[in-house]
Amino acid sequence: MRKYINLNKTSQNDLSNQFPDLMKLVCVEETTHYSYLAVSVFDHWLSREDSCKLLENVPKNEQEKRNAALYSFSKKIASETSVVNFKVSGKWTRAHPRFRDFTSNRAKLEYLRPAIEKSHHDFFKVVLPELGVVFFESWDDTNAMYLKDASVKEKIVQWAAECGVYCLDKWA
């Protein structure tokens with residue numbers, strides 16, 4: 001059964017226009033179109049010492065707890081706003097996002113499950129058109145959000161608190 005369906009050409013163009021520099025975000029390059037917000041199981045940026053203590057040899061039950069908190073946040077996002085998946089099509093200078101909708105709520109929730117729990121280990125990458133947010137799963141029990149409009153931050157921080165995760169501004 002298919003998990004995704006490509007959006008029509010008009011929707012592809014609308015989302016491409018709504019999310020400028022999306023390919024820069026995929027490549028982890030700087031852009032002035034967005035502000036960064038991390039969603040983490042940790043309430044602060046980890047120091048080198050913290051990283052060694054908290055990220056190496058994590059007991060299975062602790063990792064499951066962290067995964068559950070991040071997944072709870074992803075499910076909250078999915079229940080509160082529209083979520084559109086994208087993949088990168090093309091190569092080099094012709095690379096571009098291809099936006100896809102989910103064929104079911106089950107497919108969406110499975111896609112948003114932490115990669116460590118999935119057999120294919122692919123990180124999710126989605127856009128939230130109603131909020132103007134790009135949301136990426138990332139490493140170290142911390143996910144990345146890129147906000148076009150900082151006014152949505154308050155809502156995201158509230159949802160994070162409800163799910164037991166924290167929002168961290170960009171590190172200095």
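## A tour that starts in a loop

Begin by selecting Asn57, which sits in the loop between α3 (48-55) and α4. The model on the screen is a predicted one, and the values quoted along the way are computed from it. Display the backbone of Asn57 and check its torsion: phi is positive, about 50 degrees, even though the residue is not a glycine. With a surface switched on, Asn57 should show up clearly, since its relative accessible area is 77% and it therefore counts as exposed, the cut-off being over 50%.

**Step back to the whole chain**

Before following the chain onward from this loop, zoom out and colour by secondary structure. The protein chain holds six helices and eight strands, and reading along the sequence you meet them in the order β-α-α-β-α-α-β-β-α-β-β-β-α-β. The radius of gyration is 16 Å, close to the 16 Å given by the globule rule for 172 residues, so the chain is as compact as a globular protein of that length. If you align the view to the principal axes, the C-alpha trace spans about 50 × 40 × 35 Å.

Colouring by accessibility comes next: 41% of the 172 residues count as buried, while the protein chain exposes about 10200 Å², of which carbon and sulfur atoms supply 50%. For the charges, select the 25 positive and 23 negative side chains as two sets, whose centres lie 8 Å apart. A contact map is also worth drawing at this point, because among contacts between residues at least 6 apart in sequence, 65% join residues at least 24 apart.

**Along helix α4**

Now select residues 60-80, which make up helix α4. At 1.5 Å a residue, its 21 residues should span 30 Å, and the distance between its end C-alpha atoms is 30 Å, which agrees. Within this helix, show the side chains of the buried residues, which are Gln63, Arg66, Asn67, Ala69, Leu70, Tyr71, Phe73, Ser74, Ile77 and Ala78.

Two other positions in α4 give a contrast with that buried list. Ala68 belongs to the helix and is partly exposed, at a relative accessible area of 44%. Draw a distance from its C-alpha atom to that of Pro114: the two residues are 46 apart in sequence and 8.4 Å apart in space. Lys75, also in helix α4, is likewise partly exposed, with 37% relative accessibility. From Lys75, draw the C-alpha distance to Glu110, which lies 35 residues away along the chain, and the viewer should report 9.8 Å.

**From α4 to Trp159**

Which residues does Trp159 touch, not counting those up to four places away in sequence? Select Trp159, found in helix α6 (residues 153-163), and show its contacts: Phe73, Lys76, Ile77, Glu80 and Leu131. Phe73 and Ile77 were already on the buried list of α4, and Trp159 itself is buried, with a relative accessible area of 6%. The C-alpha atoms of Trp159 and Phe73 are separated by 7.0 Å, although the two residues stand 86 apart along the chain.

**Phe123 and its contacts**

Move next to Phe123, placed in the loop between α5 (105-111) and β5 (125-128). Is this aromatic residue buried, exposed or partly exposed? At 28% relative accessibility it counts as partly exposed. Leaving aside neighbours within four places in sequence, Phe123 is in contact with Tyr111, Ala115, Glu137, Ser138 and Trp139, so show these side chains together, the criterion being heavy atoms within 4.5 Å. A further distance to draw is that between the C-alpha atoms of Phe123 and Leu112, eleven residues apart along the chain, which comes to 8.5 Å.

**Last stop: a second positive phi**

Finish at Asp141, in the loop between β6 (133-136) and β7 (142-147). Its phi is near 55 degrees, again a positive value in a residue other than glycine. Compare the surface here with the starting point: Asp141 is buried, at a relative accessible area of 10%, whereas Asn57 is exposed, at 77%.

Notes: Residues are numbered from 1 along each chain as its sequence is written. This is a predicted model: local features need pLDDT of at least 70, side-chain atom pairs count only at pLDDT 80 or more; totals for chains, interfaces and linings use all residues. Side-chain values use heavy atoms; hydrogens and water are left out. Helices (H or I, at least four residues) and strands (E, at least two) are DSSP runs, numbered from the N terminus. The radius of gyration is taken over C-alpha atoms; the globule rule is 2.2 Å times the number of residues to the power 0.38. Buried means under 20% relative accessible area, exposed over 50%, partly exposed in between (1.4 Å probe, protein chains only). Accessible areas come from the Shrake-Rupley method with a 1.4 Å probe; for residues, only the protein chains shown count as cover. Lys and Arg count as positive and Asp and Glu as negative; His and the chain ends are not counted. The place of a charge is taken as NZ of Lys, CZ of Arg, CG of Asp or CD of Glu. The expected span of a helix is 1.5 Å times one less than its number of residues.
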